[in-house]
Amino acid sequence: MVTLTIDNQKIEVPEGTTVLRAAQQAGIHIPTLCDHPALTPYGGCRLCLVEVDNSRTLQTACTLPVVENMVVRTVSPEISQSRQFVLSLIFSERNHFCPYCQVSSGDCELQNAAYHEGMTHWPLQPNWKVFEMDASHPYIILEQNRCILCRRCVRACGELVGNFTLGVEERGANNMIVADLNVPLGESTCVSCGMCVQVCPTGTLIDRRSAYLGKEVKVDHHLTVCVGCSVGCGVDVQTLDNNMVRISGNWDAPVNAGVICKVGRFQPFDEDRERVRTPLVRKDGALKAATWEDALGVIASHFKPLMGKNGDGLAALASTRLAAETLYLFREIFKDGLGCDMVTTIEEGYPTAAPAALADELNSSFEGKLANLKEADCVLALDTDLIRGHEVAGFFVKRALPNGVGLIVVDAEEENDLYPLANWSFKIKAGTQTQLLKGIQAALVKLGLVVDQSIAQPDAAVQEAAQATAVDSELILEAAYRLGSAEKPVFVYGKDASLDELKALLALAKSSGASVISTKGKANSLAAAQYRLDSPFEIKNQQAAFVALGDAEPSQKLVKRLEKAPFLAVQASYISPLTAVADVVLPVAMWAEQEGHYLNLEGRLQKAVQALQPPEGVRSNLDALQAIAEKVGVKVNVKGWQKALSERTPATTLIEN
Amino acid sequence: MTIETKTDQDTTAVVRQVVERHGADKAELVPILNEINRRLGYLSSETLQELSTLLRTPKSQLFSVATFYNMLSTQKRGKHVIQFCESAPCHVVGGRQIWQTLLETLSIQPGDTTPDGKFTLVTTSCLGVCGVGPVIIVDEDIYGNVTPEQLPDILARYS
Amino acid sequence: MKAYRSMVLVSSDPLSMERGAQEVFDQLQKEISAFGLKDEVSLSMVGDVGRHDAAPLAIVYPEAVIYGPVTPKDVRYLVEEHLYKGRIAAGLQASQRELSGRIAWISARKDTLPAENRVLLQRAGVIDPTSIEEYILHDGYEALAKVISEMSPAEVIAEVKNSGLRGRGGAGFPTGLKWQFVAAAKGEKKYVVCNADESEPGTFKDRLLLESDPHAILEAMLIGGYAVGADEGYIYVRGEYALAQERLRIAIEKAEEMGILGENIFGTDFSFRIHVHSGAGAYICGEETALLESLEGKRGEPRSRPPYPTTHGLWGKPTMVNNVETLANVPPIIRNGAAWYRNIGTPNSPGTKVYTILGNVNVTGLIEVPMGITLREVIAIYAKGMKNGASFKLAQTGGSSGSIIPASLQDTPMDFDSYQKNGVSLGSGALLICNEETCVVDLAKVLLNFFRVESCGKCTPCRIGTQRAYEILDNISEGVSGLNDLNDLSLLSENLARLSNCGLGQTAGTPLRDILNRFRAEVEAHINLKVCPTGVCPMSGRILAYAPVMSHSTF
């Protein structure tokens, strides 16, 4: 620990802390613009200048490491004059004529800083060159005229996301933020995560859907969990008058520390499916509006007679985007209450099958955590494309690559966006993954990095694997060498990995000291697996089917199979091909309109809160199920949901948030 | 300066050659860009794209670096590049008159290329030959103690 | 053409003044005219030179004879004997005694003036730079051999420290101390980097050194590497210096062939490799942290400091960054010893300094002279006077960021400390000498244009400040200036220095500050009378694109 004095206040902070962070911890405000807690210090804007004893010049607090017995002053006439001058320079650079800007009066850090310094006007004559606005991107507008060149966007794009789309062109006064080789943002390699928008201190990078709809300081903030996938990122859903205005990453969230992807930030605003606003019941071949009472009555009349029947009874499916409470109640009603033999989720346990089976077999949890992935120095990705799905986990890998993190990709898919990023891409024939993993294991032995008596002839084993997978044995050796010399390797595997592959992977993990983690599937796949709602789905002679679809989009395959059911009841938020073939449709809330818990891919239990009121007549998924239970006369108690998550050994230990 | 002919294939070949010579090491980026620029005349999008793949370096980073350094250009330039030193040592010994004459003779703005594609006129900071200022450099030929009267003769040497 | 044959300096410290230095000066002026020597002899007051016991002094060059105490009565005899007849004025000389301070070096220069004292440039133009054999024949690699066979790394550092060598890149930081920091820094891997990104306008001494004597730099880097425990070195050469790069590559190849560079040098455990790295045109890369960024393949943007390169340099490893000229001093220091080195120059700035002389003078070029020479001496002796007999108006020392020296500071010795005392920086050794036809607004405009073009843009004050200052100056030169311009320019020059991240921004306002302080009336004439006294500025009244759009508006 280092002790220093800031404004006569003695402060103790860990070594390596900057003066700015030390001051912030002590509640001392130092104005900043280019600084952002999630980004590496930059020292460009010079607003955070402070006086340090025995220092010739003013120092930037954001870059200055603390030193024992350092004496710092953050308030003095000279400092104040300097900050005002820095601000007047910035105001003179581009068009900061605030009335035109959507972030002024609250959300603009530049304007706020100026008010804080007591400025009322800009003293330097400005030179307003006019730049064209880049509105080529579907979600983001780049308005260079308001840019202060703090490069927070550039750093966020690289350091947080690892995408490196944004850069800086030219030098000095000609500096401009550019995408790739200076192409319009909409034609660039941008992945629309919107982190640049989230960190922009002025109105330069604009979320085009949310601009002018409500300032961050005016809206209601709901800190909740994204249900886009199993990563379970913390998001801040911002609403105004029951309208969703904007979604930001939650900087304090343990999973993602503020970083989210387009699925969490922008896609919810693309929602154009038609809402189910009232219960519907099929009459004379067509769905007609009905009351809840009527609709529930129809359901009960079909379900009750099928109670306890096997094979020709009732089939029930739930979406894994539903909360744990909802899934638990769903199981209580259909499995325990109505005694159905076909109760599962629309994912059918597919993404969690292998890890669940292995956890059962080992009778212990074997997977690591996302924190391991963030700190990894070598990543092996098996049967997973972390760019197209579970994208934030992909960001964790991508952003570490420039630091020399090795990436080995093993997949049988024709396309995987990790291939071009990888140091070693093994695009191999489907079914040969196990052999490749065993080959790497043998290579570790051959290289003398691992002792494994079971491999008597490592050389031959490597050759064998090379032949089976049609991969150059040199490459296997290279990858093995990188893996073997890593200190914190992590293996990530996807839903296509078979149990055999997984066992081979685990063996390799043991010998190389790696932690393994699987991507699972949707937001609550792991909870569904823990509730054993993970069997394959099949309509045999079932006489009726129920789908708790929620706001999920049904696949064509699912619709095809359910068409066969003589009677189909669906609770859904949106009109879809599935509701079209249903006999009863119950209108239920979408993700933001209800609350509940989610178990993410690393076993972290997190609560999603309600951000919006559902339309009138629309009930939460949980309430809808409660109503069904009541109507069919099944006694349920949702309270047991959390305990039930531990009924079975999870693939990864559960963490409570 | 001889600029090599530039079909797409040649561009790729040159980029590969240069990378091979320096090694696909990001630390060698500035020398690599420098050599490619010298050989191909400028750094086109295709060039940087190819380089991005070979060096496994994001395009934005290549562009950021390429536009930072004065000797590198991301714009196509004329057949001959005239660099005029606008630093003080050349300025005080008559540089101003040379600049005026250059602008009038070529009838273009700084940074532009003559309509026939023959000359591109750029300004540069001190080139370290101030002992003989004012100085202009055409391609790689340095002309010192230049007077306005000499300019037409100098330009006439380039076809 | 006007070239002075002799130069007379009169001491003008308070004691000398009290004892009638002014009268002596006036009398000298009179007598020099009377003998018709006005065009052959320059005369000036020189400040405090020590030897107060004999004040006031009159020192006559090139013989460097010290007369004193001189009274107005003595003057006629002195002028007649020494300046007219060319022999020493017997009886007037100051008594011989132990000399100290500045007078000691004035005396020591007796044999060196007006001839140069070539220490760094001793081989320049003498040997074939592509021949390692010729280098070795001319004392080459003798220092390295001595270091490796006879000295411990600590002894090498001690020798450099004792020599008093100070960095020649501009800041004047003690070189030995820097070496000591790097040697003391924790870490297995260390680097030696030679800063050969010489981009300061008007400076080409490094180019000359590299082109004419490349092995000297290699030898110095090897010695440095040995001293600090580094095994790898980079020479970052500015991109425009193709010939220097070529010569260095040849030199490295030859040295490697001879086993002077590479593994187990001279059969010892010491190994060292040197790479030549070409820049691509960016003044800012002369800043050492920007140079390191560029070496790592990035934009040359200066880092925040601390930490310093001595502990966190190239690839985060301890790195010793030295300028070419600084390094060139090392082999002679090792060969001849620190004591020898201290005998050259002034006590606080030992050694020689290479200057480039430029501008409106008769002879431009490069000289190597002991530290502490005055500007007047340079103009009179080496530049052979002002061109076309014009009069001296101002000089800029040390390139674009250097100070503007008015005529009144012509006789201040050019060494680190004396200049610092007068708020002047020595900089890179460029001496841009301007005559009375130079307009200070026009000059300031050219200089600020340089900075706005070369600013990397990372920090606000430099990126925006240089641009704003340039625009205001451009407006002034067009005669469309505003009432606040002088105030804004002062604020800009002052704040650039206080608020910028690196040396570029911190010194960008220096010439502007000096011009506003020392040539204010001329600037005011532009603003208030819309007149350019020298007739250089266009004063067209043309409204420029960036003329005030809306001043003092609220946001």
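# A tour of chains A, B and C

Start in chain A with strand 25 and strand 26 (residues 604-608): the two run antiparallel and are joined by 4 bridges. Before you go on, note that this is a predicted model, where local features need pLDDT of at least 70, side-chain atom pairs count only at pLDDT 80 or more, and totals for chains, interfaces and linings use all residues. Residues are numbered from 1 along each chain as its sequence is written, while chains are lettered from A and ligands numbered from 1 in the order in which they are written.

Helices (H or I, at least four residues) and strands (E, at least two) are DSSP runs, numbered from the N terminus. Strands pair if DSSP finds at least two bridges between them.

**The sheet in chain A**

Click Y598(A) and look across to strand 26 of chain A, where Q606(A) stands opposite. Now add strand 27 of chain A to the selection: you have an open sheet of 3 strands, order 25-26-27, with mixed pairing. Strand 25 (596-599) and strand 27 (655-656) of chain A are the edges; each has a single partner strand, so one side of each has no neighbour in the sheet.

**Two covered helices**

Next, select helix 4 (residues 152-160) of chain A. It is largely enclosed by the rest of the structure, because 8 of its 9 residues are buried (20 or more other C-beta atoms within 10 Å of a residue's own, against 12 or fewer for exposed and partly exposed in between, with C-beta atoms placed from the backbone). Among the buried ones are R152(A), R155(A) and L160(A). Show strand 7 (166-169), strand 8 (176-179) and helix 11 (391-398) of chain A, which are among the elements covering them. Just past helix 4 of chain A comes G162(A), with a positive phi near 70°.

Helix 12 (residues 433-446) of chain A is the next stop. Its 14 residues reach 20 Å from first C-alpha to last, close to the 20 Å expected (1.5 Å times one less than the number of residues). In helix 12 of chain A, 14 of 14 residues are buried. G448(A) follows helix 12 of chain A, and its phi is positive too, near 75°.

**Where chain C meets chain A**

Show both chains: 33 residues of chain C are in contact with 38 of chain A (contact means C-beta atoms, placed from the backbone, within 7 Å). On the chain C side, helix 17 (440-454), helix 18 (460-477) and helix 19 (485-499) each give two or more residues. Helix 18 of chain C has the largest share, 9 residues.

Zoom in on helix 2 (residues 77-93) of chain A and helix 19 of chain C. They pack at about 110°, axes 11 Å apart (axes are lines fitted to C-alpha atoms, for helices over the stretch in contact, and angles run from 0 to 180 degrees between N-to-C directions). The two helices are therefore roughly perpendicular, a label for angles of 65 to 115 degrees. Stick up S82(A), F85(A) and V86(A) from helix 2 of chain A, then L491(C), N495(C), R498(C) and L499(C) from helix 19 of chain C, to see the contact.

**Last stop: chain B**

Chain B has 6 helices and 4 strands, which run α-α-α-α-β-α-β-β-β-α from the N terminus. Of its 159 residues, 45% are buried. Turn to the contact with chain C, which takes 29 residues from chain B and 42 from chain C. Helix 2 (29-40), helix 4 (59-66) and helix 5 (88-106) of chain B each supply at least two residues on the chain B side.

Conventions. Contact = placed C-beta atoms within 7 Å. Parallel < 35°, antiparallel > 145°, perpendicular 65-115°, else oblique.
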